[in-house]
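Visitor: I would like a close look at a single part of this structure. Please take it step by step.

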Amino acid sequence: MFNKEKVKLGIAPIAWTNDDLPDLGKENTFEQCVSEMALAGFTGSEVGNKYPKDPEVLKKALELRGIEICNQWFSSFLITKPFEEVEKDFRAQLSFLKAMGAKVIGASEQSHSVQGMTDTPIFGHKYVMNDEEWEIFCTGMNKLGEIAKEEYGISLTFHHHMGTVVQDPDEVERMMANTDPEYVSLLFDTGHFTYCGADPLEMVKTYVDRIKHVHLKDIRPEIVEKVKAENLSFLDGVRMGAFTVPGDGCIDFDPIFKVLEDAGYEGYMLVEAEQDPAKANPLEYALKARKFIAEKTGL
C-alpha cells in the first residue's frame with residue numbers, strides 16, 4: 001500500500017477554468033474551484049490564472065479549505081531565449097512557490113511548442129531539436145534544477161507534453177540520459193504518454209526512480225483518433241474531450257499504481273484532466289476521480 005503520510009492527492013484547477021482556453025469555465029471563480037477541490041477530498045492544488053498572486057492572500061484562502069500548493073507549471077525557453085532571461089522568470093516563480101511551501105516546480109520547454117496553436121495539427125507538426133539544441137536544453141535544465149534545489153529547496157520536475165520538443169519516449173530518454181538525476185526529475189503524466197502512442201506502464205517502469213510528481217489523467221481514445229484523422233490541434237482535442245479523469249477512459253491504472261507503490265513513491269499524485277466544464281461538471285468529475293483513486297490505492 002502507498003504510505004498515506006508520504007503520498008498525497010491533488011487536483012488541478014484546469015478542470016474548472018482553462019488557462020489555455022479562457023472561455024472554458026470563465027464563469028467559475030477561484031473560490032468555487034478550491035472549495036470544490038476540498039469538498040471532493042483533495043489536499044493539493046497547482047496554480048491557475050485566477051489564483052491570487054499574493055502568497056499571503058492565496059495561503060489564507062487555501063488554508064481555510066485544507067489545501068496546499070504542490071506544483072506550478074513553468075514555461076522554459078532555453079533554446080530560443082538567453083539563459084539569463086529564463087533564469088530571471090524561473091527565480092521569480094521559485095520565490096512564489098517557496099512562500100507557498102511547495103516542494104516541486106514543473107518545467108516544460110515551450111520553445112517552438114505547437115500545443116497552444118489552434119491552427120496547427122498536434123500530430124506530425126512538432127519541432128525536433130538538433131544536437132546543438134539538445135546540448136543547450138539539457139545544460140540549461142541542469143542549471144535550473146541546481147538553482148531550484150540548492151537555493152530554494154524545490155525539485156525541478158520536467159513535464160513531457162504533447163506538441164513540445166520533449167513529447168515522445170525517445171526524447172524523454174535522451175533528456176533523462178543527459179540531465180543530472182540530482183537536479184532534474186520527471187513529472188510523469190499518464191495522459192500525455194498515452195496520447196503520443198507510448199505505453200505509460202513501460203514509461204513508469206523505466207523512470208520510476210526519477211519521478212517526483214505524477215499527473216493522473218485518462219484518455220478517450222476515440223477522440224484522440226478523431227484528432228489524428230482530421231488533423232486537429234491539441235486544443236481542439238481538449239474541447240472535444242480527449243482527456244478525462246482517471247477511471248473514465250482507456251488507461252489501465254492498476255499496474256501503474258503498483259509500480260509506483262512498489263518503488264515507495266513519495267510526493268503528490270495529481271488529477272489533471274482538462275475538459276469542457278460545461279460538459280463535464282468539475283465537482284462531479286473530481287468526486288469520480290477521488291472515488292476511483294481510493295478504490296485502487298487505498299489513499
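Which elements cover the buried residues of α3?

Guide: A word on the source first: this is a predicted model. The cover over the buried residues of α3 includes the helices α2 (55-63) and α4 (131-152). Strands take part as well, among them β3 (68-69), β4 (73-76), β5 (104-109) and β6 (155-159).

Now the helix itself. Helix α3 covers residues 83-99, which is 17 residues, and at 1.5 Å a residue these should span 24 Å. Its end C-alpha atoms lie 24 Å apart, so the expected span and the distance in the model agree.

The residues of α3 that are buried are Phe83, Val86, Glu87, Phe90, Gln93, Leu94, Phe96 and Leu97. Buried here means under 20% relative accessible area. To read such a list, it helps to know that an α-helix has 3.6 residues a turn, so residues three or four places apart point the same way. Just after α3 comes Gly101, with a positive phi of about 80°.

Helix α5 (residues 169-177) can be set beside this, with Glu171, Val172, Met175 and Met176 buried. Seen down the axis of α5, these buried residues fall within an arc of 130°, so they line one face of the helix. The face turned away from that buried side carries the exposed residues Asp170, Glu173 and Ala177. The elements covering the buried residues of α5 include α4, β6, β7 (184-189), α6 (190-195) and α7. Helix α4 and strand β6 were also named in the cover of α3.

Definitions and conventions
Residues numbered from 1 in each chain as written. Predicted model: local features only at pLDDT ≥ 70, side-chain atom pairs only at ≥ 80, totals over all residues. Heavy atoms only, no water. Helix = DSSP H or I, 4+ residues; strand = E, 2+ residues; numbered from the N terminus. Expected span 1.5 Å × (residues − 1). Buried < 20%, exposed > 50% of the residue type's maximum accessible area, 1.4 Å probe, protein only. Contact = heavy atoms within 4.5 Å. Arc of directions from axis to C-beta.
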